[in-house]
Amino acid sequence: MDFVGFLLTQCLNAFSQAAVLFFIACGLTLIFGIMRIINFAHGSLFMLGAYVGYSTVAATGSFWLALIVAPIVVGAVGIAFEKVFLSRLYARGDGGAYLMVTFGLAVIMGEMIRVIWGPHPHGVATPDILRGVVFLLDQPFPKYRLFLIALGVIAAISVWQFLERTRAGLLIRAVSQNAEMVQALGTDVQLVRTCVFGFGCAMAALGGVLAAPMVTAFLGMSASVIIDAFVIVIIGGMGSFLGSIIGSVLVAYVQVFGAYYFPNMALAIMYLLMLVILVVRPGGLLGKEE
Amino acid sequence: MNWKVGFIVCAVAACVVPFVSPNYMLTVIIEALIFGLFAMSLDLLVGYTRLYSFGHVAAYGLGAYTSALLLLHFNLPLPVTIVLAVAISTAIATPIAWVCTRTHGVSFAMLTLAFAQLGYAMIYRFKDFTGGSDGLTGIPRPEGPFGLDFFQSKIGYFYMVLFCLLGSFLLCRALVNSPFGTVLSGIRENEAKTAALGYNTRAYKRVIVILAYAFGSLAGALYAPFAGFASPELFFWLISGTVLIMVIVGGSGTLIGPIIGGVFFLMLENQLSEVTDLWPLIFGSVFIAFVMLAPQGIWGILTARFKKPAVLPQGGADGETTSAPS
């Protein structure tokens, strides 16, 4: 019974980690699908979300408000960046240029955050209602992590339904398949791109706020999370929404169980997994080879 | 030949540097030259083949750790160690190149990143061997062959680094101007068309990735004995991004541009970080400005002034002044 309980909590642990990773990976993959952009700044936007969330909590005392404010602020930053910089690069048709501009943005944002919030980590208190643990098969499990799992599942289902069932979702899928044709049929593709980029950034910010009570808002969080997100998106297949869900769960499981069973190989296992998948399927599990 | 005169003038001017620069500056200059060499090796991929590697730091770290381990465990002369380190690193790079060139575009960038991260993870995994997070310290700088102690001095080391940089530059220049280099330019401009002409583009890409690793590992192999230590930071992925910035800002596809970019940025960083701690902010902004407004880089801007407009585009065959077309 002990082992089953242990297994259950570890699995739930992995799912809660997958939920946080999903928030950042899903934005990354949607943006890639529609713009063929690998957004290097996505980790920094995640970090910005955590810091904005911290400030909102510090000012108003409400974690729930932070969950609304941070995505709006970071989404606005993303839209501004897309309008000012990225939209000018589409005509160039050189994927490397995006990679580099967003890398530049990542460097700048990391530095701005250090200047504004200072070098020290900022803790964000877990809201009262989610504090404490529940007992599952006699094993304690934090309520907050259960909340993360629930939120992750809700978010995954809503985005999926949005993409499949709504007209806007249809447009997004159409643009990712053939942007020129959609443009020719009279849709403002540029507007779709801006909205998707903003939405992706907002999702990352949401992930940042949700991660903050567990890991605090600190300066290194962008670097660690962006690499994980890349791995997820590559494993799942770039541009594939379902792939980002599968990738998040896989990576979270590898991290949680790897850290337990092979503590000094945990890092390497994730990259090995990615290498194997890329060698067997260069486009990722659900992606097409570009 | 115009460029030969320029090359000799630059080489001679560089040889005089140790006698006119203050001692502490010489350390910075040597590090800058090593980074210039590193940036140039990445240009083979980015500028000539348009393979954006986001894990080129793997070459640097590999070279540094190999030379450090060789120096710590075997008492070989320094130049021999460096040649050996490059040979071993190149051998390790061969399977990496084989895997990475199965993909292209963004997947290539991410695969190279994955290998660099794997290297980073391995440093921590094999702690007993690599020193883990402490790194390797106390790397000796042994006497040269036949009891020469020239390389133990800072000035001697400077000349060795300069020799490696200039030699690598000449080799790379000959390479990109050769028929081999022309095929690389063909891959850059249109890989499908080059393949349709009967060239095995994957084999060409494999070779250039291996060569880029070789020159990158030379830079790393020069760095470790000079600094006297090797830390996991040498595998850190941000360095890959930084060196990519240097290549772009210097002028990709020119070889000389990335050298200037690398040397210039490292010296500037050294000067500015004493004055302001906002260095990354300036660095990032300058970089974005270059990508947006001047993708041809510093060297492209400099040479555009003196270059007569070509009647017909040369298709990137002349490696000397080609900048990546937009």
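Here are some friendly notes on this predicted model, mostly about chain B.

1. Let us begin with the overall make-up of chain B. This chain has 14 helices and 0 strands. Read from the N terminus, its elements therefore run as one α after another, from α1 to α14.

2. Next comes the overall form. For 326 residues, a compact globule would be expected to have a radius of gyration near 20 Å, and the value for chain B, 19 Å, agrees with that. Along the principal axes, the C-alpha atoms of chain B fill a box of roughly 55 × 45 × 45 Å.

3. How much of chain B is buried? Buried residues account for 55% of the 326 residues. The surface that chain B exposes comes to about 13,700 Å², and carbon and sulfur atoms supply 68% of this area.

4. A word on contacts and charges. If you take the contacts in chain B between residues at least 6 apart in sequence, 79% of them join residues at least 24 apart. Chain B also carries 16 positive and 14 negative charges, and the mean positions of these two groups lie 14 Å apart.

5. Helix α10 of chain B is worth a visit. It covers residues 201-227, and at 1.5 Å a residue its 27 residues should span 39 Å; the end C-alpha atoms are 39 Å apart, so the two values agree. Because 21 of the 27 residues of α10(B) are buried, this helix is largely enclosed by the rest of the structure. Just after α10(B) you will find B:Gly228, which has a positive phi near 85 degrees.

6. Two further residues of chain B deserve a look for their backbone angles. As background, most residues other than glycine have a negative phi. B:Arg50, although not a glycine, has a positive phi of about 50 degrees. You can find B:Arg50 in the loop between α2 (23-49) and α3 (57-73) of chain B. With a relative accessible area of 27%, B:Arg50 is partly exposed.

7. The other residue is B:Leu255, whose phi is also positive, near 65 degrees. B:Leu255 sits in the loop between α11 (237-250) and α12 (256-275) of chain B. Is this residue buried or exposed? B:Leu255 is buried, as its relative accessible area is 1%.

8. Finally, a stop in chain A. A:Ser244 belongs to helix α10 (residues 241-261) of that chain, and its relative accessible area of 1% makes it buried. Leaving aside residues up to four places away in sequence, A:Ser244 touches A:Phe22, A:Ala25, A:Cys26, A:Thr29 and A:Ile232.

Conventions. Residues numbered from 1 in each chain as written. Chains lettered and ligands numbered in written order. Predicted model: local features only at pLDDT ≥ 70, side-chain atom pairs only at ≥ 80, totals over all residues. Heavy atoms only, no water. Helix = DSSP H or I, 4+ residues; strand = E, 2+ residues; numbered from the N terminus. Rg over C-alpha atoms; globule rule 2.2 N^0.38 Å. Buried < 20%, exposed > 50% of the residue type's maximum accessible area, 1.4 Å probe, protein only. Contact = heavy atoms within 4.5 Å. Areas by Shrake-Rupley, 256 points an atom, 1.4 Å probe, with all protein chains shown as cover. Lys, Arg positive; Asp, Glu negative; His and termini not counted. Charge placed at Lys NZ, Arg CZ, Asp CG, Glu CD. Expected span 1.5 Å × (residues − 1).
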